[in-house]
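Got your viewer open and a selection box ready? Let's take a short tour, one pick at a time.

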Amino acid sequence: MTNAPLHPATGCIWYGEETYLMQGATQVPVVHSVAYGYDDLDEWLAVARGEKPGHIYGRNTNPTVHAFEEKVRLLEGAEAATSASTGMGIISSTLFALLTPGQRVVSVKDTYGGTNVIFTEFLPRINVDVTLCDTTDHEQIEVEIRKGCDVVYLESPTNPTTKVVNIALLSKVAHEVGAVVIVDNTFATPINQNPLQLGADLVLHSATKFLGGHADALGGVICGSQDLIDAIYHYREINGATLHPMAAYLLLRGMKTLELRIRQQNASALQIAQYLENHPAVEKVNYPGLTSHSGHDIASEQMRGFGGMLSFRLQEDSFDAVRRFVPRLKLAHAAANLGAVETIVGPPATTSHVECTPEERQAMGIPESLIRYSTGIENVDDLIADLAQALSVFDKG
Ligand SMILES: *Cc1c(COP(=O)(O)O)cnc(C)c1O
């Protein structure tokens, strides 16, 4: 394999794989061994001190896990990468590794639910000040960053309303005050968006979603400079939220088709968004690829494709309408997941915002009849026909 960057479609297949071929195996082996034996104690010492590549103990590093980290690192064009057992494992490791009491984080209100809990419950406990801005109010975010902060944490597009934040602009402002910029790139994937190239310092993924793509393995991964990744790895090796080698293998295998899947999901989601936007039973569609989307211009600048995630609000704005509509869909799992090969639907009331009251969801701009739709790789005409027959429950007369 060459060192020159490969086309992402090629990189998805070949990045991270070759160095781990053992006895001619064409696929990365799943190394289940917890420890690694050394006959030569000096060699053991050299590996332990980090002077020589190798592995010592499975909580720290593992060859299968390393191959997965390499595949993501190269797709994100980063110097270094490390991983964790889940997306939240890498998000919490990162925030607790980088932040100390007395420091300040600026973020947005629409981050992933679990991330939001870290901001509102756990960071304040260790005296870290957190300011959550209106996600689309770039002026307010800029003002808050300029007041001085240590971390700027962004997510784009967001869950479930697909809001878009300007990563290049906010990274520039953050760097003026010396803050580290972290971007949750789960919805976009490295195929559609590379936050490091836009100026961010760290890019992370819940690999559970699009990277793995088959809803059968949990994982998290983060990429950035060697210094920052070393600090995050050090925290993660001690808190012990290590990615399991079997999960790493499933994620590696899933990622081989990442570019192919995302290309299909980009195309299908746009077609579905356009179909829904013109449907009388649908009040509003949130999809960054629609020209009606408030973040469409920024998304067009920073994304190569608009992704597989969309959400829409029914004309009849009640949870009862959702209750009648969702079970009629035959080609979609109603489940609290996203980013898989099969289409998945779920109302925020039972998925991303299950902890909130209807009033709180309303205040966050999440209507009771909002439905999150994670477009799978099924034939798009079949998906649209399925939506049509399910929406016919709202036909008048
Ligand atoms: C699912 C998700 C996470 C958390 O990932 P887990 O693997 O479930 O821990 C974080 N961010 C986003 C955007 C997600 O969709």
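Buried here means under 20% relative accessible area, exposed means over 50%, and partly exposed is in between (1.4 Å probe, protein chains only). You're looking at a predicted model, where local features need pLDDT of at least 70 and side-chain atom pairs count only at pLDDT 80 or more, while totals for chains, interfaces and linings use all residues. Residues are numbered from 1 along each chain as its sequence is written, and side-chain values use heavy atoms, with hydrogens and water left out.

First pick: Tyr153. Tyr153 is buried, at a relative accessible area of 1%. It belongs to strand S4, residues 151–155 (strands are DSSP runs of E, at least two residues; helices are runs of H or I, at least four; both are numbered from the N terminus). Now add Val105: its C-alpha is 7.2 Å from that of Tyr153, though the two are 48 residues apart in sequence.

Next, select the ligand and its shell (residues with a heavy atom within 4 Å of it). You should get 13 residues, with Gly87, Met88, Asp184, Thr208 and Lys209 the closest. Colour helix H4, residues 87–98: it gives the largest share of the shell, three residues.

Now show polar contacts, pairs of N or O atoms within 3.5 Å. Which distances turn up between ligand oxygen atoms and polar side-chain atoms of Ser206 and Thr208? For Ser206 it's 2.9 Å, and for Thr208 2.7 Å. The side chain of Lys209 also has an N or O atom 2.7 Å from a ligand oxygen.

Terms used:
A polar contact is a pair of N or O atoms within 3.5 Å; within protein, one must be able to donate a hydrogen and the other to accept it, and residues adjacent in sequence count only if both atoms are side-chain atoms.
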